[in-house]
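Student: I would like a close look at the links between side chains in this model, both the covalent ones and the charged ones. Please tell me where each partner sits and how far it is from solvent exposure.

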Amino acid sequence: MRFSTILSAAAVTGPIVASAAGQMGFALGNKKSDGSCKESADYTADFAAISKETGSKIVRIYAASDCDVAKLILPAAKTAGFKVILGIWPDTDESFEADKAAAVENTAKYKDQVYAITVGSESLYRGNFTGPELLEKIQDVKSAVGKGVKVGTADSWNKFADGTADAIVTSGSADILLTNAFSYWQGQVLSNATGSFYDDIFQAFGHIQEKAGGTDKIELWVGETGWPTAGDKYQNAQPGKQQASTFYSQAVCGMVDWGFNVFFFEAFDESWKPKAIGEDGSVADETSWGAMTADRKPKYSLKC
């Protein structure tokens with residue numbers, strides 16, 4: 001789908017288009033470059049760099065108990081004026097219970113800093129749960145955390161578009177849904193990357209709102225999108241600083257300007273990460289997806 005056809009897609013799914021500018025957020029890791037756990041001072045420095053270079057005041061993390069991230073990040077967020085989406089990893093009983101306990105305990109202490117809680121990150125995409133099974137986990141967390149806290153999940157755009165998540169969407173239990181879409185992992189050439197990204201998101205958002213029964217039933221965000229500045233070519237997708245800058249300014253900022261909320265993946269490079277495996281089985285480097293380097297230097301302009 002070329003950029004010139006984006007408006008036709010928007011027209012088809014017209015109710016999802018917002019008029020005011022959306023929010024920009026960043027996915028944030030909980031480890032230093034050497035793979036050791038971040039400390040409170042690291043989150044303070046992270047927030048200072050994100051705020052200075054992007055103006056953003058919201059981040060998302062993936063597993064509330066891992067590296068004591070919920071315990072450490074929320075006090076730093078309060079001082080810096082940030083909001084945080086806490087993540088719960090439900091894929092094993094051990095991680096689910098540990099993350100749930102950390103989320104419940106620390107949300108009670110820092111409720112103003114917790115924007116929402118997501119239960120699962122592409123759990124449906126990996127096939128670890130069916131929609132009804134993940135819904136049970138979401139409802140468990142909603143019951144544990146109590147009223148006044150938004151709870152939902154994050155997953156790949158196609159699992160929302162193809163109905164896999166319909167049990168969650170139609171349940172009335174999901175307050176917020178994060179939809180991930182990567183033109184890079186679809187092997188798109190840069191000239192088609194923005195159009196492909198918009199098409200994916202509009203398909204997912206349109207299906208969610210149709211099944212939910214309106215545009216105001218569930219809060220929707222782009223949960224992850226991005227482009228690596230280095231590493232391996234994936235099909236027709238070429239990594240590079242210029243390519244990443246173009247995708248950021250056209251696709252990401254364009255989506256925010258249209259009134260959609262977007263989390264960019266990710267704030268900083270994570271050199272400790274192992275290689276990732278794409279859908280076609282090829283191996284790709286996932287250490288250079290940061291908008292900034294590991295020492296918090298911007299790679300390109302990050303102001304929309």
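Tutor: Let's settle one term before we go in: a residue is buried under 20% relative accessible area, exposed over 50% and partly exposed in between, using a 1.4 Å probe and protein chains only. This is a predicted model, where local features need pLDDT of at least 70 and side-chain atom pairs need 80 or more, while totals for chains, interfaces and linings use all residues. Residues count from 1 along each chain as its sequence is written, and side-chain values rest on heavy atoms, without hydrogens or water.

First, the setting. The chain contains nine helices and ten strands (DSSP runs numbered from the N terminus: H or I of at least four residues for helices, E of at least two for strands). Its C-alpha atoms occupy a box of roughly 50 × 45 × 40 Å along the principal axes. Of the 304 residues in the chain, 55% are buried.

Now the covalent links. Searching the whole structure turns up two disulfides (cysteine sulfur atoms within 2.5 Å of each other). If you number the bonded cysteines in sequence order, they pair as 1-2, 3-4.

Take Cys37 and Cys67, whose sulfur atoms are 2.1 Å apart in their disulfide. The rotation about the S-S bond is -65°, and this link of Cys37 and Cys67 is left-handed. Distant parts of the chain are linked here: Cys37 belongs to the loop between β1 (24-27) and α2 (40-54), and Cys67 to the loop between β2 (58-60) and α3 (69-80), with 30 residues separating the pair. How exposed are the two ends? Cys37 has a relative accessibility of 35%, so it counts as partly exposed. Cys67 has 11%, and therefore counts as buried.

The other disulfide connects Cys253 and Cys304, with 2.0 Å from S to S. This disulfide is left-handed because the torsion about the S-S bond of Cys253 and Cys304 is about -75°. Cys253 is in helix α9 (residues 241-257), while Cys304 is in the segment after β10 (283-284), so the bond ties together parts that lie 51 residues apart in sequence. Cys253 has a relative accessible area of 5%, so this cysteine is buried.

The charged links come next. The whole structure holds 17 salt bridges (a side-chain nitrogen of Lys or Arg within 4 Å of a carboxyl oxygen of Asp or Glu). A good place to pause is Lys100, which takes part in a salt bridge with Glu97 and in another with Asp140.

In the bridge to Glu97, the closest N and O atoms of the pair are 3.5 Å apart. Both Lys100 and Glu97 belong to helix α4 (residues 93-109), and their spacing of three residues is about one turn of the helix. Lys100 itself counts as buried because its relative accessibility is 14%. Glu97, with a relative accessible area of 42%, is partly exposed.

The bridge between Lys100 and Asp140 spans 3.0 Å from N to O. This pair reaches between distant parts of the chain, from Lys100 in helix α4 to Asp140 in helix α5 (residues 131-145), 40 residues away. Asp140 has 30% relative accessibility, so this residue counts as partly exposed. Lys100 therefore sits buried, while its partners Glu97 and Asp140 are partly exposed.

Asp162 and Lys159 supply another salt bridge, with 3.7 Å from N to O. Here Asp162 is partly exposed at 46% relative accessibility, whereas Lys159 is buried at a relative accessible area of 18%. Elsewhere, Lys32, Glu39 and Asp42 are joined into one network by salt bridges that share partners.
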